[in-house]
Amino acid sequence: MKNYSIKLALLGLFTWTATSCSNFLEVNVNPNAPVGENLTLASKLPAALVATATQEATQLNQLGAFWSGYWGTSSEGLNAFYNEKIYSGQGIRDVRDGIPIWENSYNYLLYYKLMLDQSEQEGALFYAGISKIMMAWHFLQLVDIYNNVPYEEALLGSAVNRPKYEDGKAVYEKSINLITAGIQQINAATVAPKQDDIIFAGNKKLWSKFGNTIKLRALLRQSEQASQAAYIRTEIDKIVKEGSGFLSSSESALVQPGYLNTTGKLNPFYENFYRNSGGATVVNYTNIRPTNYVVEKLKGLSDPRLEALYVAVNGSYKGVDFGDPTVSTASNASNTSAFKGPLENGNKPAGLLKSSSQAAVLLSSFESLFLQAEAAQRGWIAGTATKYYADAISESFKYIMNENYNTAAYLQQKEVSLAEAPAPIARIIEQKWLALNSINSIQAWADYRRLGLPTIPNSLSAPNPTARPQRLMYPETENSTNREQVIAQGSDDILRTKVWWMK
Amino acid sequence: MNKFYTLLFILLGFLAYTPSSVAQEHLLIQGQVLDQENGAGIAGVSIYVKENAKSGSVITGSTGGFSIRAHSGQTLVLKHLSYTTNSIKIKSGAEKVTLYLVKENNILAEAMVTGALGIQRSAREVGASAQIVDNESLNAGKVVNPLLALSSKVAGLRINASDLTTGKTDPGVQVRLRGSRSLNRAKNDPIYVVDGFPVPDIARLNPNDIASITVLKGSNAAALYGSEGVNGALMITTKKGQRGVGEISVSNTTNFSRVFFLPPAQNRFGQGANGVYSPIISDSWGPAFDGTQKDFGPTINGFQPQALYAATKKDNRLQTFDTGVTSQSDISFSGGDDNGTYYMSVQDVRIKGIIPGDKSARTGARFNGTRKFNKLNTSYNVNYIHFNNNTTSDGPWPSVYDQPANIDYNSHRNWSDPSSPSHPLNWYNTSKKNPFFLADNTRNTAKQHTLNAKVELDYAFTDWFKAIYRVGMFNEQTESRVTVGKLASSIGARNVNGSVNDGQDNFTRLNNDFILSFNKDFGRFNTRLLLGQNIRMDDRKSIGIGANNLLFENIFNPGSRAGELNGAATLTKYRSLGTYGELTVGYNNYLFLTLTGRQDQVSVLSKNNRSYFYPGVSTSFVFTDAIPALKNSSILSFGKVYASFNRTGNVTLDPYRLNLTYTQTGGFPFGNLVGFTPGLTNPNALIEPEFVTSYETGFQLGLFNNRLHVDMAYAYSDSKGQIFEAVTSSATGFNKSIVNAGRLTNSIVELALQGAVVKNNNWNVDLGLNFSYTNNQVKELYTGNEFNIFRQQYAIVGEAYPTLKMKDFKRDDLGRIVVDKNGNISESADETVLGTMVPPYLFGFNTRVGYKGFQISAQFDARIGSWMYSEVVPRMYASGTHPETVKYNREEFILPNSVVENADGSFSENTSIMSKGDKAWWTAYGKIQTVTAAKADYLKLRELQISYTLPASLLGKQGVIKRATFGLVGNNLFIVTNKNNTIGDPEALYNGTDGYSSWRQIPSTRSFGFTANLTF
């Protein structure tokens, strides 16, 4: 009997193991994360926009700030930002210690591309339009930094593993067309996004203006290419025909998901360059200091923004020289002006640093107005340059001073007045440069490369006194995965090879 | 000693000359098998009755005890891997016997190996190479982790410790058998099988519990274990109790370890910049040491601290390490009766790390038992391990090698006084920290419970058919906590945010095997057929919560935080189902053919691709038995040739990798606002199993009465269509892509020699050598001819995997360094391939010399032919602590053997252009990656053991202690490396990488200690 029951038990076990398997292997559905098909466009858009805004406020802003004369480092930061100080193209393209603008930009482009595919499938025109505008935003940035980049063959996943590079100029044109198409789709849309559009809350008009402003920025970038004049004319006409115009006073493209004082959820500029969620200052806050150049410029114009931007040391404002390799007590963090934040301003919002939950600036009203001022000055668009210029300065003051500041006296100064300027474009660019300071610094670097304005002093650690960064080298990842394409582009030397729109 | 020999001879003689006419008598023989030389009990001796071999054999316990039923006049056959087989006739009434065996190393002919599914097979029928490491050899160095104890003991097995040598208290180990087969570097580990149960890891296993480890090399040997066996298998057999008298064994080993082989540092120039002293700079670019008192650090409450501006007497970096202490205590009990046995052990290991404050404790208990119910044999193993680890994250060492030689760390050990310059708020530099503060302030603790239990039922229906059912469970629960103490400062770089991260990880594996075994003889043919089914269920749940903004310095709880809580939970399930068969046909016990096949189904692939079959065939031929002319040869005692072919399917894909999933990133959700982004590794729903084709052939010889064993093998493997995450151009949108692509081949030659050079009554001298050469090549990749694996490690078509490729100096055709008109060096445009990062040539050499109770054994290890590089070196250049930076006294110099480029593109020798030799210049120099590389060749004395066993005659009378051994053990006692290697121990790897010394890497340690072992 005992034997029998054991045999029976064994038989039972065998039967169990052999038969209970029909659903046994069906466990490969991820219980931890959803697939794209199960997510609405509204649950994807905010994350993509925040990614773009964070890149603008930190990665691009930082590089631009060092290379357009805004920032240097205190003695404590002598070893920080070394690649930026010596213009090391190799250092910056490094997988590990470099600045992955290329990789991040294409990753973010993928976010928008997948949203574009989904919105076209769902017939969600507004989302399609937003996706296109934002894709153009990133492609234009990529060309500004790397010149020739993949466009048509990009973002196709493993369907095209080695995307072909296209001429920077062609990518510019295609991106501008993408915006045109995007604006059309937005205007044709019957359903608008709601709170998930964390820039304009589904406002068609503002999206169109934003799109047009990006186009204007891209067209002005080509101002030094005489052969582009006809093209620029045609494109300006298209913008005029579209009719929405450009972002104007109080119409900044700000990203606001609802930043709050928790690690990873603070405004990215605030968290990276000022204080963490614990209220403790970050390393960058000790290391980064304004340059003597920008401090002196503001002082020279008796610019009230100086006091809102920086902390005074013993009653005066002190900067540093970018790339200064020497150690001096005068450059110690405690002897130089740091950014002014709410904690240094009686818990009131300061110039750049207002609160941990301040919105991130994608494209400001004042930048748009300066773009219009320059375009008007060049006779590309209607309106008077002086008006745009004055509005731009007033918007900048409003942003930095946190109030409707009366700029009349400031504007009357000989060194500020556009009417009295010997070189109006240079004056517009100088004021634009002052306004973009540490907000969208990468644009100031583009202006410097386009016009050589303002006359920013070189890094004291530059390989030679005249060497300036013109672009970034293609990243190491690209060199190892798409090498033939990289080689086909010829030199990508950081100091010598220019982006197509540069003189 | 003589007494024993007399006894032995009397016994043998008595047995031999007993008249066979004595009437048969049923006996229950209880006895003990002892080593003839030292009288120690021999565990694992297989004993069976020659006349009734089918009734099976018994195995002696840890002290050699056994009991077996037999008739008088029958013959007992005693077999053991390391001893000469002995046959003894049973005399009437001899129920208590003491039997002796003569030591012989790895007698190939009769050895049993633990084959697939944990089934013992005669070595002669195995058509692939298998090497056995017994308990004694494994524990010679008294190493805490059994994997590390295997190092250099098996041909073709490469063990690398990352964390043993990094001095941490929880060693990480990389194991490679016959090279890498997968481009997915995390998927090259062999399978670990403990008593027939595949476990994810054996690092916590008590090495003293291990009776033997059979290393089945190559995918062929492990075909029946399913895909995981593709990289070979480590078959671990734990000890079992013996029938007969109970026994207690107690031992203790205590080891002391110190760091060695630090990358050298200069001690002539101290803190400052451009030759000017600065009290607050951590770079060593200041002036030469002058022995004066100088300001040190910032003022504290208006008081300026001062310090001596001179290098400390001894390397100041050594002050930041302690002497590590490892203490192992063991106790084991074993015994049994007619129907059952038991073995029980408890081990306690305490480690005090070389990094101040690091410590760990491991307590493990094992209970192995067997019980017999008529035709049903049952066995059960339970192993519980509690492990506690308390270390500092990353260690303070990375902050030490780029601080100057004048910092007298000993005076900064006590940092807690807020008015002292050692306090983190007053430390002389804001970004480099006081290493003792770092160690104290960042704590990483883990508590781990591991429970591994197995039940096996074995029912013999008839003498030729039995069924085996084996079910096992492995559960590992880890609670972890990382805390960082809050330090608030008005100076940004001094600030430390208080944080706490609590984790809970629960992993459970259930493994179920049902095997039918048929064994039948047909004339001269012996056949054995195994049919089986395997079910595997892996479940994991990981939870982590944390807060990065704690409010208080000493309350580490997410409840005392500002802002939101962060946290996540991850659940993972894996299922597999296998059906397998193995047919072995033997002819006359000298020619064997084995066919294997397995059909696997895995949950991680799509329905269409998840089922796959893989076959194997192997054969072996014992020609010394087959060819009459070779029989009884005094030179060639044993000879076997073998060959095998396998095509093994493998799925290295993790669960849930077929579809693109989205997660909330960038701070989302913000309240009700959600934001999802896709993963940046491109998934692939069409992934198929990858296949490794392998061949192997070899021979085993026993020469001069089996005094010398030669084991040689050639193996080839070819892995195609590999599943791996290929790095792709980010312009595709994704940074990586999961693909079936790539091809790797390995050609391996292995040789193992083991010889008893001297063996007589008092002396024994054994020598062993193992060697392997692996030619590993990448044949195909996904896009392009190369991809970057990690840092400077590359997979390059036509080169070994991984290969070191890096930037060199810009040089002229003659290899001279080019300097520009300012004396600056520059990087070459292209990277240079230096060579493989895994050593193709591995040597292990062991020797054991015994004289009476004295025994000295040593294990040497050499690895030749690979490259390594260091990320410590560039940092040391930049900070001015590297010795090269003072070679020219910090003055301008003409770089030796340098050239300048002429206008026409030619080069001429540089005789006048001075190089600055300042921080910028040497930083650029250190960034030339080839400066950081060196040949990784080494020879080291890995283990040295000296022991003395008290003669049995001394212990004979008191009757309490059966055996006593005392000894000294040393590990890593000396090392010889390439003269250009100033990086460190080439064996020390960072986090499972190859040939790479991270900037985090802690120097190697060497240890020395003593051990005592008593048996009652």
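Here are four short exercises on the structure above, each with a worked solution.

This is a predicted model, where local features need pLDDT of at least 70, side-chain atom pairs count only at pLDDT 80 or more, and totals for chains, interfaces and linings use all residues. Residues are numbered from 1 along each chain as its sequence is written, chains are lettered from A and ligands numbered from 1 in written order, and side-chain values use heavy atoms, leaving out hydrogens and water.

**Exercise 1.** Work out how compact chain A is for its length.

Solution. Start with the parts: chain A has 20 helices and 6 strands (DSSP runs, H or I of at least four residues for helices, E of at least two for strands, numbered from the N terminus). Next, its radius of gyration is 26 Å, close to the 23 Å that the globule rule gives for 503 residues, so chain A is as compact as a globular protein of that length. (The radius is taken over C-alpha atoms, and the rule is 2.2 Å times the number of residues to the power 0.38.) Finally, 64% of the 503 residues count as buried (under 20% relative accessible area; exposed is over 50%, partly exposed in between, with a 1.4 Å probe and protein chains only).

**Exercise 2.** Find how α14(A) and α17(A) lie relative to each other.

Solution. First, get the angle: the axes of α14 (residues 365-377) and α17 (residues 424-436) of chain A come within 10 Å and cross at roughly 175°. (Axes are lines fitted to C-alpha atoms, for helices over the stretch in contact, and angles run from 0 to 180 degrees between N-to-C directions.) Then classify: α14(A) and α17(A) are therefore roughly antiparallel, a label for angles over 145 degrees. Among the residues making the contact (heavy atoms within 4.5 Å) are Phe370(A) of α14(A) and Ile428(A) of α17(A).

**Exercise 3.** Which strands stand at the edges of the sheet in chain B?

Solution. Write down the order: 3 strands form an open, mixed sheet, β4-β1-β7 (strands pair if DSSP finds at least two bridges between them). β4 (65-71) and β7 (96-101) of chain B each have a single partner strand, so they are the edges. Now zoom in: β1 (residues 26-35) of chain B pairs with β4(B) in the antiparallel sense over 7 bridges, and Leu28(B) stands opposite Arg69(B).

**Exercise 4.** Is His412(B) buried or exposed?

Solution. Locate His412(B) in the loop between α5 (397-400) and α6 (435-441) of chain B. Then check its relative accessible area: at 7%, His412(B) is buried. Beyond neighbours within four places in sequence, the contacts of His412(B) include Phe296(B) and Trp427(B).

Note on methods. Parallel < 35°, antiparallel > 145°, perpendicular 65-115°, else oblique.
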